[in-house]
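This report covers the strands, pockets and backbone details of one protein chain. Please keep the sequence and the model open while reading.

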Amino acid sequence: MTFKTLVAYSVGIFALAQQALQPVAANDADRDALLERLAQVSTLEADFSQQVTDMNGDLVQQLHGRMALARPNYLYWQTDAPDETLMVADGINLWYYNPFVEQVTVYQQAEAVEQSPLLLLLDADATAWANYDVKMADNSFALQPNDQAQSPQSLQLVFAGADLKAPLSRIILDDGQGQMSTIELTDVKLNGAVAKQLFTFKVPAGVDVDDQR
């Protein structure tokens, strides 16, 4: 926004400036509220069911699986057969394994965060937070990509209640191209012990590696 310097308009300009700053302040406050929620979580384990719909709202895929995270670096995301896949973030690399095609793709985790807002759940200090505007409504937080974002994906996080320690209950991921994934979490366990080997990926014998690092 360009501010005029004429003294005669200073009062009006001040009012406009205050109005322009309000959305930014609200966005910062909503981001801080979300980060405060996430700060209550050191580990999380849950079962999940996932429905994927197209731009017309038609169901195109239904998945079930298990997830675990240990902040600030680690994520385990596994879907069951017949659409079996495994994603593991080990703090340095992000591994995506598809047993059906016998291939694993590996990325640098820091770069992967720039492409997927879901990985922001792991690290409150990730620079990619600056790429998203956060808006809060009741127990829900919407992360929308701004002009700095490298990915069109948006994310909505829904918590089970107003209490700061209420667990995450739903994740909605919009790929920005008309496909929506709604993930319902069940049997959520917060801040328990999670085996570290869960976040270690070993490439199975005979599997092709697509190294994107």
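Is D187 buried, partly exposed or exposed? D187 is partly exposed, because its relative accessible area is 45%, where buried means under 20% relative accessible area, exposed over 50%, and partly exposed in between, with a 1.4 Å probe and protein chains only. The model is predicted: local features need pLDDT of at least 70, side-chain atom pairs count only at pLDDT 80 or more, and totals for chains, interfaces and linings use all residues. Residues are numbered from 1 along each chain as its sequence is written, and side-chain values use heavy atoms, with hydrogens and water left out.

**Backbone details**

D187 sits in strand β11 (residues 180–190); helices (H or I, at least four residues) and strands (E, at least two) are DSSP runs, numbered from the N terminus. D187 is not a glycine, yet has a positive phi of about 50°. E102 is not a glycine either and has a positive phi of about 55°. E102 belongs to the loop between β5 (93–98) and β6 (103–108), and with 49% relative accessibility E102 counts as partly exposed.

Two peptide bonds that lead into a proline are cis, as the table shows.

| Cis peptide bond | Omega | Place of the proline |
|---|---|---|
| R71 to P72 | near 10° | P72: loop between β2 (59–70) and β3 (74–79) |
| A81 to P82 | about 10° | P82: loop between β3 and β4 (85–90) |

**The sheet**

An open sheet of 12 strands runs in the order β7-β8-β9-β10-β11-β1-β2-β3-β4-β5-β6-β12, with mixed pairing; two strands pair if DSSP finds at least two bridges between them. β7 (132–137) and β12 (208–211) are the edge strands, each pairing on one side only. On average, neighbouring strands of this sheet are turned by 15° against each other, direction ignored; the axes are lines fitted to C-alpha atoms, for helices over the stretch in contact, and angles run from 0 to 180 degrees between N-to-C directions. Strand β8 (residues 140–145) pairs with strand β9 (residues 154–159) in the antiparallel sense over 4 bridges. L143 stands opposite L155 in β9.

**Pockets and Q109**

Rolling a probe the size of a water molecule over the atoms shows where empty space is left. On a 1 Å grid over the protein atoms alone, where a 1.4 Å probe is used, a pocket is an open set of points with protein on both sides within 12 Å along at least five of seven lines, and lining residues have an atom within 4 Å of a point. Grid points are joined across faces, edges and corners, and a volume is the space filled by probe spheres set on the points.

The largest pocket holds about 870 Å³ of space. It is lined by 28 residues, of which Q50, M87, Y96, S116 and L173 are the closest to its centre. This lining has 13 nonpolar, 11 polar and 4 charged residues; Ala, Val, Leu, Ile, Met, Phe, Trp, Tyr, Cys and Pro count as nonpolar, Asp, Glu, Lys and Arg as charged, and the others, Gly among them, as polar.

The second largest pocket holds about 210 Å³. Of its 15 lining residues, Q109, A110, V113, D123 and A126 are the closest to the centre. By class, the lining of the second largest pocket has 9 nonpolar, 4 polar and 2 charged residues.

Q109 lies in helix α2 (residues 109–115) and is buried, with a relative accessible area of 7%. The Q109 side chain reaches the backbone oxygen of N73 at 2.9 Å. A polar atom of the same side chain of Q109 lies 2.7 Å from the backbone nitrogen of G91.

Methods: Polar contact = N/O pair within 3.5 Å; in protein donor to acceptor, adjacent residues only side chain to side chain.
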